[in-house]
Amino acid sequence: MKSCKKIAVVHDYLTQRGGAERVVIAFMKTFPEADLFTSLYDPEGTFPFFKNLKIRTSFLQKIYFHFIGHRIYLPLYPEAFKSLDLNGYDLIISSSSAFAKCIKKNEAIHIGYIHTPPRFLYFKYHYLEKERFSFIKEIYLMAFLKKLKNEDMEAVKNIDLIITNCRNIQKRIKDIYGRKSEILHPPIEVDNFSIERNQEDFYLIVSRLLPHKKIDIAISAFNKLKKKLIIIGTGPAYKSLKRISSSNIKFCGSLDDEKLKSLYSTCRALIFPQEEDFGIVPLECMASGRPVIAYGKGGILETLVPEETGIFFYEQTTEAIIDAVMKFEKMDFDPERIRENAKKFDIKVFQEKMKEIVFGAF
């Protein structure tokens with residue numbers, strides 16, 4: 001990286017707390033001298049880490065209202081990223097599941113970390129059904145899809161090297177864009193988690209409360225099992241999920257990191273009913289020495305070792321979760337062995353490989 005003097009990291013939007021934002025944190029810890037750009041920044045909506053950084057935003061920041069959300073600005077994102085002044089940078093790292101890759105790179109090398117090709121462009125009917133968009137919102141979105149897809153396909157041509165998070169997204173990138181990509185798994189900071197010898201009698205869900213996360217089937221299962229389930233997270237599905245929950249299910253909203261770590265380390269197991277592109281939450285739980293009961297599809301297939309760090313169920317149904325929990329309770333798991341597996345995804349591993357990728361690009 002001898003010739004690399006100035007680095008810019010560009011992310012879609014810093015308005016929420018998710019796995020993609022954790023990857024951005026890892027980039028900034030790997031390259032602390034880098035400048036961070038995004039379309040929109042909401043300090044209260046995303047991780048506190050970003051408050052310590054100088055963040056450069058697009059023109060959308062001037063018209064952003066957090067109570068409306070970031071989706072309403074969808075047609076404007078490509079132009080917002082093209083408008084960012086990235087002159088003088090030797091390396092641009094874009095972090096995108098939407099349009100951060102639309103930047104104008106000039107003479108810089110552009111490494112694109114694609115979390116997924118935009119779901120609303122390439123899986124739109126599936127996406128709209130899962131998110132339960134209103135009719136007006138659906139018409140609004142559909143009106144711009146063709147133009148936005150063209151923008152997305154052109155933006156990918158502008159990337160010199162594509163990185164992605166797991167094998168299933170690597171295949172998606174090949175199928176949609178016809179491009180090869182290198183896998184760099186999102187990291188966790190294993191040292192931030194610890195094993196607690198005394199477990200308590202509850203199961204745990206940590207997730208944004210969105211329809212496609214399938215929290216409803218887990219609630220249905222635990223209503224029937226009558227076992228304690230603690231749900232951490234907020235989102236638009238909160239009221240509907242709360243309404244169908246029995247008294248053995250507790251919603252705790254957003255928690256600070258210390259309280260969350262305590263729950264990870266003392267739960268019987270994490271319940272993970274959704275399909276994720278990768279899934280950082282299961283790794284955080286495993287770093288705490290606790291097993292995971294997960295739907296066996298998506299990125300979790302690359303992080304969970306069956307019968308060793310948890311178990312899979314293969315249908316997103318109430319009955320499948322009930323069967324998995326009953327099977328789990330007849331098994332024994334070694335916390336040290338579970339944590340050891342999580343170390344393969346530690347931030348130190350991520351940083352070393354990312355530096356190798358950057359060095360190889362120059």
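Which side chain meets that of Arg-22 in a salt bridge? The answer is Glu-284, at 3.7 Å from N to O. By salt bridge I mean a side-chain nitrogen of Lys or Arg within 4 Å of a carboxyl oxygen of Asp or Glu.

Before going on, some ground rules. This is a predicted model, in which local features need pLDDT of at least 70 and side-chain atom pairs count only at pLDDT 80 or more, while totals for chains, interfaces and linings use all residues. Residues are numbered from 1 along each chain as its sequence is written, and side-chain values use heavy atoms, with hydrogens and water left out.

Back to the pair. Arg-22 and Glu-284 meet in a salt bridge. This one links distant parts of the chain: Arg-22 is in helix H1, residues 19-30, and Glu-284 is in helix H10, 262 residues apart. Helices and strands here are DSSP runs, numbered from the N terminus: H or I of at least four residues for a helix, E of at least two for a strand. Arg-22 is partly exposed, because its relative accessibility is 26%. Glu-284 is at 5%, so this residue counts as buried. The cut-offs: buried is under 20% relative accessible area, exposed is over 50%, and partly exposed is in between, with a 1.4 Å probe and protein chains only.

How many salt bridges does the structure hold? There are 24. Why can such pairs form at all? Side chains of opposite charge can pair when their charged atoms come close.

Take another one. Lys-82 and Glu-151 meet at 2.8 Å, N to O. Lys-82 lies in helix H2, residues 77-82, and Glu-151 in helix H5, residues 135-157, so the pair ties together parts 69 residues apart in sequence. Lys-82 is partly exposed, because its relative accessible area is 25%. Glu-151 has 13% relative accessibility, so Glu-151 counts as buried. Both belong to a network of salt bridges that links Glu-79, Lys-82, Lys-147 and Glu-151.

Now the sheets. Strands of a sheet pair through backbone hydrogen bonds, either parallel or antiparallel. For us, two strands pair if DSSP finds at least two bridges between them.

One open sheet has seven strands, ordered S3-S2-S1-S4-S5-S6-S7, with parallel pairing. Its edges are strand S3 (55-57) and strand S7 (182-183), each pairing on one side only. Inside the order, strand S4 (residues 91-96) and strand S5 (residues 109-114) pair in the parallel sense over six bridges. Which residue of S5 is the bridge partner of Ser-94? That is Gly-112. Helix H1 packs on this sheet and touches strand S1 (7-11), strand S2 (35-38), S4 and S5, with its direction at about 170° to that of S1. Helix H6 (residues 167-177) packs on the sheet as well, touching S5, strand S6 (161-164) and S7, at about 140° to S6. Contact means heavy atoms within 4.5 Å. Axes are lines fitted to C-alpha atoms, for helices over the stretch in contact, and angles run from 0 to 180 degrees between N-to-C directions.

Next, an open sheet of six strands, in the order S10-S9-S8-S11-S12-S13, again with parallel pairing. Strand S10 (249-253) and strand S13 (310-313) each have a single partner strand, so one side of each is left without a neighbour in the sheet. Neighbouring strands are turned by 25° against each other on average, direction ignored. S9 and S10 run parallel, joined by four bridges. Ile-232 has Gly-253 of S10 as its bridge partner. Helix H11 (residues 318-328) packs on the sheet and touches S8, strand S11 (269-272), S12 and S13, its direction making about 155° with that of S13.

One residue in that sheet: Ala-294, in strand S12 (residues 292-295). Is it buried or exposed? Buried, because its relative accessibility is 0%. Leaving aside residues up to four places away in sequence, Ala-294 touches Phe-272, Ile-300, Leu-304, Ile-311, Phe-312 and Phe-313.

Last stop: helix H9, residues 257-266. Its buried residues include Leu-260, Leu-263 and Tyr-264. The buried residues of H9 pack against strand S8 (203-206), strand S9 (229-232) and helix H10 (281-287). Within H9, Glu-258 and Lys-261 form a salt bridge at 3.3 Å, N to O. The two are three residues apart, so about one helical turn separates them. Glu-258 is exposed, because its relative accessible area is 55%.
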